[in-house]
Structures are given as structure tokens and as C-alpha cells.
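The following exercises concern a single protein model and are to be worked through with the sequence and coordinates at hand. Each task is followed by a solution in steps.

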Amino acid sequence: MSGPCIHRGAANGAKVMRIVVLDSLRGIFALMVAALHGLIASNIFWFDLVRNADVFVDFFFVLSGFVITLSYGDRVHDARGASGFLIRRIGRLWPLHMAMLLALLGLVCLKAMAGLAGIYEVRMPYTAAELGSFALEHLFLVQSFRQETLFWLNFPSWSISAELWAYVVFALVCLAPRARLTLVIGLTVFGALAAHDLIEPGFGGFFKNGLHRAIGYFFLGYLTCRVWQQIEGWRLPLPHLAEIGLVAVVTLLVLNARTPAADALLPLAFAATILVFSWQAGLVSRLLMAAPLQALGRWSYSIYMVHVLVYTLFGMGLRFVERVTGLTLYSSDPRNPDGERMVDLGAPWINDLVHLGILAMVIALAALTYRYIELPGQTWSRGLARRVEQGGSVPTGAKP
């Protein structure tokens with residue numbers, strides 16, 4: 001049977017559900033992605049699961065398709081419903097994305113001024129015109145339409161752009177006149193894009209094919225949800241063994257994520273993980289219901305979006321200290337495939353403590369941005385979506 005921590009609510013007469021164990025998984029994986037992007041010569045950085053943590057972006061796409069279908073799959077029937085859905089999703093993604101964009105643009109300007117003053121070594125990989133073009137792409141969340149993602153501004157936001165356009169495709173699919181036709185279209189979208197991804201794999205060469213990969217795996221999550229809705233009332237056999245087994249399988253595939261077989265199997269393994277953990281019936285689910293992991297789940301989007309800002313500020317501070325004191329705080333590591341210099345403060349255990357400290361700062365900032373940026377944005381967008389769905393007016397006594 002379904003576990004005790006399925007949050008149910010009502011919106012416009014429709015059932016809305018949120019499976020909290022899946023939130024915890026998203027939080028853990030978001031933190032691992034944050035650890036992946038920290039160029040610090042620590043054992044954390046070189047931990048094999050962290051080195052391959054970029055594949056968890058696929059998990060986010062599959063999970064998003066599952067969760068969105070669970071919450072909205074039976075609510076979007078007409079143009080007003082589709083418009084309300086998209087307004088809610090934009091309100092979920094855009095405010096924090098915009099805040100980080102402005103913050104990082106501010107740091108670019110600060111670097112330029114410091115460089116002119118001779119107090120900071122500036123290495124700009126782009127011109128002012130290119131920076132303006134990048135900023136406009138980010139503003140309208142269309143940067144995922146590139147065939148490659150350059151490492152500028154808040155580079156993880158390419159996946160936020162891709163997810164937004166997956167929402168647009170989902171809304172259009174939901175407007176199909178019959179539920180069976182909607183399912184067929186969803187299956188066709190996933191099948192076509194997944195087949196193309198097998199022929200020409202993505203996540204190589206700066207996230208090549210990231211947009212179609214996002215849409216394809218979003219619809220894998222859509223299909224996973226439709227399966228779960230049919231079997232939700234069933235009893236999951238051997239739940240402890242099923243959950244532990246899936247953790248082992250996913251771990252093995254992530255460790256071998258650079259092989260064609262693992263690349264093909266991982267999205268299916270992610271879908272199976274989401275399906276099984278949706279029962280919340282096993283030992284691993286009980287662990288994932290712990291309050292700290294639930295908090296990571298709530299803050300997962302913020303963790304994903306703010307970590308580049310934290311690393312950037314930390315790096316700027318270290319480079320300033322290097323220039324003032326003459327100390328060498330960066331070193332080259334032949335194991336780094338990108339050839340970039342890494343923060344190295346001496347002993348590996350010191351680097352580990354620094355890396356853990358930065359991740360702690362990421363979590364702390366994420367808690368703040370969740371409260372003061374994410375939640376207000378969601379509240380505002382919900383009010384606007386209700387007005388659109390109800391034809392421009394809110395009934396007396398209804399909260400905006």
C-alpha cells in the first residue's frame with residue numbers, strides 16, 4: 001500500500017499529490033551535482049559517484065515528468081487550464097533563476113571593475129556583446145535551444161530552460177481530446193526522442209541534445225506515472241529488497257555512466273526507482289523520510305541554482321587573497337579532464353573540510369532563497385493562474 005507520507009490536496013476540484021520520499025531523492029542528487037561543480041582538490045570531488053553526478057539531471061527530468069503528471073495530468077483539459085499550468089510552472093522556476101542571473105551578472109561587472117583597478121586578474125572568455133546575448137537567452141529561458149552549453153553565467157540553468165519547454169510540450173499533449181490519445185502521443189514523443197538519443201548520445205560535447213533529452217525523459221516520467229496510477233492500490237512485494245536492489249543497480253550504473261549500456265539503461269533504472277519508491281514501503285524509504293533529508297528535498301531547486309554563485313564568490317575571494325599575499329592556493333591536477341586549476345589548500349583533509357563547508361553554505365543560502373524567493377514567486381503565480389483559469393476573476397472569499 002502507499003506509504004503514510006503522501007500529501008494530498010485539492011486544486012480546482014482535482015486531487016493533487018506529492019510523494020515526499022521522491023523529494024528526498026531529488027535533494028540528495030541536487031547536492032551531489034553541487035559537489036560535482038566544486039573545483040576543489042578534495043576526496044569529495046574525486047569520489048566516483050560525484051564525478052558522474054551529471055547523470056542525475058536525467059533523474060530530475062524523469063521525476064519532473066512523473067510529479068507533473070501526478071499533479072496536473074488530469075487537470076489540463078483546455079486552453080485556460082494549460083495557461084494556468086504554465087503560469088504556475090514559470091512562477092516555480094523563473095524568479096530564482098532571474099535572481100541568480102542578476103547576481104552573477106553583478107559579479108561579472110564587479111570582476112571587470114576590479115580588473116580595471118588592477119586588484120583582480122580578469123579572464124573573460126566572451127565579449128560584452130556575447131554577454132548581452134547570453135543574458136537575453138537566460139532571461140527568456142531559451143538557452144537550451146543551443147546545441148552546446150558554454151560555461152557562462154549560471155550554467156546549470158540550461159536544464160531549467162529545457163524543463164520549461166518540456167512543460168510546454170506536456171501542456172500541448174494534454175489538450176488531446178481523449179485520454180487514450182494523450183497516452184499514445186506521450187509514448188510516441190518519448191520513443192522518438194529516446195531512439196534518437198541512443199543513435200546520437202547526449203550529455204557529450206557540452207550537453208549536446210540536452211533539450212530533446214529533457215523532453216524525452218520527461219515523457220518517460222509521464223508514462224511511469226500513468227503506470228503507477230493503474231497499480232497504486234496494489235501491494236508492493238518484498239519492498240525492502242526492491243528498494244535496496246534498485247539503489248544497488250542505480251549505483252552500479254552511475255559508476256559506469258560513461259559506457260553506452262549504462263547510458264541507455266540509466267533512465268529506465270531511474271523510472272523504476274521512482275515507481276518503486278512511490279509506494280514508500282521499504283527500509284530505504286523510511287530513512288528518506290528523515291527531517292534533514294526532507295529539508296534537502298524542499299530546498300533542492302535552490303541548491304541546484306545557487307551553488308554556482310557560492311563557488312564563484314569563494315573563487316573570487318581566493319584569487320584576491322592570492323594576489324594580496326602571494327600564496328599559491330590553486331594547483332593543477334592531471335586527473336582533471338577539463339584541465340582547470342583546482343583549489344588546493346594543502347592536505348587532502350583540509351580540502352575536504354573546505355568542500356564540506358562550501359556545501360553547507362550552499363544549503364544555508366538555499367534555505368533562504370527557498371523562503372524569500374521561491375515561495376513568494378509560487379504564491380504570486382498561483383493567484384495569477386487561478387484568475388486565468390476562472391476567466392479573469394476570483395470568486396468572493398477566494399484567496400488570490
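L220 counts as buried because its relative accessibility is 7%, where buried means under 20% relative accessible area, exposed over 50%, and partly exposed in between (1.4 Å probe, protein chains only). The model is predicted: local features need pLDDT of at least 70, side-chain atom pairs count only at pLDDT 80 or more, and totals for chains, interfaces and linings use all residues. Residues are numbered from 1 along each chain as its sequence is written, and side-chain values use heavy atoms, with hydrogens and water left out.

**Exercise 1. Confidence and overall composition**

Task: State the average pLDDT of the protein and how many helices and strands the protein has.

Solution.
Step 1. The average pLDDT (the predictor's confidence in each residue, from 0 to 100) is 84, and 82% of the residues score at least 70.
Step 2. Residues 1–5 stay under 50 in pLDDT, and the model has 17 contacts for them beyond four places in sequence; a contact means heavy atoms within 4.5 Å. Residues 9–15 also stay under 50, with 13 such contacts.
Step 3. There are 15 helices and 4 strands; helices (H or I, at least four residues) and strands (E, at least two) are DSSP runs, numbered from the N terminus.
Step 4. Of the 400 residues, 52% are buried. Among contacts between residues at least 6 apart in sequence, 73% join residues at least 24 apart.

**Exercise 2. The nonpolar cores**

Task: Determine how many residues the largest nonpolar core has and which residues have the most contacts inside it.

Solution.
Step 1. A nonpolar core is a set of buried Ala, Val, Leu, Ile, Met, Phe, Trp, Tyr and Cys residues joined through side-chain atoms within 4.5 Å.
Step 2. The largest such core has 103 residues, and F170 and I303 have the most contacts inside it. Helix α9 (residues 210–231) supplies the largest share of this core, with 12 residues.
Step 3. Residues up to four places away in sequence being left out, F170 touches I68, T69, Y72, G73, F85, F218, F219 and Y222.
Step 4. A second, separate core of 9 residues includes L101, L105, Y126 and F134.
Step 5. L220 lies in helix α9; its C-alpha atom is separated by 9.1 Å from that of V189, 31 residues apart along the chain.

**Exercise 3. A salt-bridge network**

Task: Identify which residues are joined into one network by salt bridges that share partners.

Solution.
Step 1. A salt bridge is a side-chain nitrogen of Lys or Arg within 4 Å of a carboxyl oxygen of Asp or Glu; the structure holds 7 of them.
Step 2. D58 and R213 meet in one, at 2.9 Å from N to O. D58 lies in helix α4 and R213 in helix α9, so the pair ties together parts that are 155 residues apart in sequence.
Step 3. D263 also bridges to R213, the closest N and O atoms being 3.1 Å apart. This pair links helix α11 (residues 260–277), which holds D263, to helix α9, which holds R213, 50 residues apart.
Step 4. The network therefore comprises D58, R213 and D263, joined by salt bridges that share partners.
Step 5. D58 is buried at 3% relative accessibility, R213 at 2% and D263 at 18%.
Step 6. One other salt bridge joins E374 and R92, with the closest N and O atoms 2.4 Å apart. E374 in helix α15 (residues 348–389) and R92 in helix α5 (residues 79–117) are 282 residues apart, and both are buried.

**Exercise 4. Positive phi values**

Task: For L141 and L238, decide whether each is buried or exposed.

Solution.
Step 1. L141 has a positive phi of about 50° although it is not a glycine, and it is found in the loop between α6 (128–139) and α7 (157–174). Its relative accessibility is 2%, so L141 counts as buried.
Step 2. L238 has a positive phi of about 45°, and it is not a glycine either. L238 lies in the loop between α9 and α10 (239–255) and is exposed, with a relative accessible area of 60%.
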